[in-house]
Amino acid sequence: MLRRIILPLLCLVLLLPACKEEPEIPAELKAINEAIESDKPGIYYMLQDYKPKARKQPEAVRMYYDFLTIKYEDQISFRHPSDSLIKGIVHYYEEKNDRRMLPEVYYLAGRVYASFGDALRGLDYYQQALDASAAQGNEKLMQRIYFQMGHIFLHQDVYGEALNAQRKALGYKHLAVDSVSEVFILKDLGATYAAQGKTDSAFLYYQEALRKAETACNASVRFYVKEDMAALHLRLGEYDKAWHLLDAPPADMDASVQATLYRLKAQLFHRTGQPDSALYYCRLLTREGSSVYDWQAASLEMAGIFTGQGRFQDAVNQYRQYVIYTDSVQKLIRTAAISKAQSTYNYRLRERENNQLKLKNAEQRTLILVYLLAGVLITGGGTVYLLHLRTSRQKQNERIKELERQQEEQYTRSRAYIEQNNAIIRQLETRLASTSADNTQMRERLQTQQEQLRQRNIRAEAEMRQQELALHTFRQSDIYIRFRQATDFSELSETDWQELQRTIDETFNRFTARLYALSPLNKRELRICLLVKAEIQPTGIAQLTGRVKSTITSARKNLFEKLCGKKGSAEDFDRFIRAF
């Protein structure tokens with residue numbers, strides 16, 4: 001009975017925190033959100049006025065205020081100093097599992113990280129925002145997300161994904177209150193096709209963006225599109241069309257649009273034979289506050305102008321400035337590459353920090369898996385190394401055996417072999433003289449051994465004479481004389497080298513094949529072996545291979561170790577090859 005009372009009470013106590021009612025969002029914050037949505041003036045002051053009140057409010061209200069702050073800063077393209085604020089907002093709404101807020105929270109997180117240049121994490125949050133928005137049917141937000149994803153892919157040179165995202169964003173054009181958002185989507189589509197060299201498609205989308213901008217009566221946005229179109233016409237050499245697009249720029253241009261205008265006009269004046277005007281715009285481009293990219297473009301353009309005017313010293317000075325600015329740009333590029341790599345690392349690190357409490361057990365399992373994987377890798381690496389060592393030793397043993405076999409075969413055709421056999425024959429004669437005439441079987445066996453040794457000596461002497469004759473013939477051959485008389489590698493053709501190899505192979509019993517049986521050789525190594533066999537001195541070998549003598553000496557030492565399996569001198573290699 002007692003258990004029946006206690007258990008329901010315990011469940012009720014545990015459920016009480018979940019039943020706690022979230023505080024109502026104040027009307028002032030709702031008004032600020034509506035002002036941001038409709039882009040009304042005075043939002044900054046509204047946020048600043050409410051800031052002291054926000055500190056005294058419950059966490060839910062403070063987080064909503066922080067959310068509105070990020071939302072407004074994103075609207076004015078504010079460069080966020082850090083991700084600490086958005087991290088806290090994401091963590092809070094994820095903990096609350098607030099499906100109403102999460103789509104836009106994830107989108108703003110993507111915007112913050114994209115502004116840092118952290119494309120990887122920005123795309124990750126955009127994808128989470130897409131998933132959350134699709135579940136709610138928030139198509140207007142999905143349009144913004146796809147546009148931002150397409151923009152990232154375009155600047156990461158991932159054109160296929162950029163086109164896919166941009167087309168999806170364009171599919172929501174019926175949601176736009178005005179045509180400005182559609183203009184930027186069309187402009188990015190044009191830029192993507194232009195980057196791929198598909199100029200017809202690029203102009204098609206640029207023209208549509210221009211038409212939409214004119215419909216919206218937005219001069220700044222219209223000129224923004226015109227600059228892109230003018231740059232493409234300039235690249236194609238269509239100067240009149242580019243000039244036409246750059247007429248009557250709006251007075252309220254921002255700095256980046258104005259810098260682009262100056263750069264395009266400088267290039268156009270230069271290419272249409274108006275150097276003074278081109279220089280004027282180059283100097284405007286290099287005014288105080290310009291970026292290093294503007295200075296780089298201006299110095300290169302001015303160098304070309306001065307060269308055309310015959311002002312070579314001025315041109316040289318500008319080229320020097322261009323090199324300096326190019327070095328700075330390269331440093332920025334390298335810094336961006338390092339930053340991109342660092343952002344990838346930081347992304348993984350932050351993900352681990354964000355999920356540390358929830359995934360502690362999973363991390364422990366991952367750590368165990370890492371240790372197991374490291375053990376497998378170490379074991380596998382050790383096994384591969386041992387197999388490699390075993391294979392190397394096996395090849396070394398095979399090389400030694402092959403070398404011993406060839407040396408044994410060569411010994412059977414030598415004077416030492418004949419003298420050894422003669423010594424044995426004399427020993428057999430002594431034994432035969434001391435053997436009793438009655439011991440017929442022993443005498444026959446001794447005589448047979450003597451005869452076998454004599455036949456071997458006959459064959460060896462015949463082979464020696466044949467080798468001496470072949471050597472004499474080789475030394476009288478045209479190819480031998482040609483190589484002995486040559487003083488530079490330019491005097492020899494590929495056919496000459498092939499003829500030398502063929503002649504040496506015929507003279508010295510498949511010389512090349514027997515070398516390859518010991519170890520594979522590259523062309524240069526084989527030629528050194530052939531020249532040593534042809535009795536060319538080291539200085540001559542250096543001349544005929546286009547190398548210095550010290551290089552040939554080092555190569556001969558390495559070849560001795562490669563063929564014989566032990567260290568030795570260059571002279572050891574020469575003796576080995578000549579006797580081979």
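Is Cys 282 buried or exposed? Cys 282 is buried, because its relative accessible area is 1%, and buried here means under 20%, exposed over 50%, and partly exposed in between, using a 1.4 Å probe on protein chains only.

Okay, quick housekeeping. This is a predicted model, so local features need pLDDT of at least 70 and side-chain atom pairs count only at pLDDT 80 or more, while totals for chains, interfaces and linings use all residues. Residues are numbered from 1 along each chain as its sequence is written, and side-chain values use heavy atoms, with hydrogens and water left out.

Staying with cysteines: Cys 529 is buried too, at 0% relative accessibility. And how many disulfides does the structure hold? Zero, where a disulfide would be a pair of cysteine sulfur atoms within 2.5 Å.

On to the rings. There are 17 aromatic pairs in the structure. For a pair, the ring centres of Phe, Tyr or Trp (its six-membered ring) lie within 6.5 Å; planes under 30 degrees apart are stacked, over 60 edge-to-face, and the rest tilted. One cluster is made up of Trp 243, Tyr 262, Phe 269, Tyr 280 and Tyr 281.

Some rings have a charge over them, meaning NZ of Lys or CZ of Arg within 6 Å of the ring centre and within 35 degrees of the ring normal. Lys 187 has its charged end over Tyr 224, 4.5 Å from the ring centre. Lys 533 does this with Phe 508, at 4.3 Å.

Just before Lys 187 comes Leu 186, in helix α10, residues 180-195. Helices here are DSSP runs (H or I, at least four residues), numbered from the N terminus. Leu 186 is buried at 2%, and its C-alpha is 8.9 Å from that of Arg 167, 19 residues apart in sequence.

Now the later part of the chain. Asp 505 sits in helix α22, residues 494-507, and is partly exposed at 21%. Its C-alpha lies 9.6 Å from the C-alpha of Leu 530, with the two 25 residues apart along the chain.

Last, a helix pair. How do α23 and α24 lie relative to each other? They're oblique: the axes of α23 (residues 511-518) and α24 (residues 523-533) come within 12 Å and cross at roughly 130 degrees. Axes are lines fitted to C-alpha atoms over the stretch in contact, with angles from 0 to 180 degrees between N-to-C directions. Under 35 degrees is roughly parallel, over 145 roughly antiparallel, 65 to 115 roughly perpendicular, and the rest oblique.

Methods:
Helices (H or I, at least four residues) and strands (E, at least two) are DSSP runs, numbered from the N terminus.
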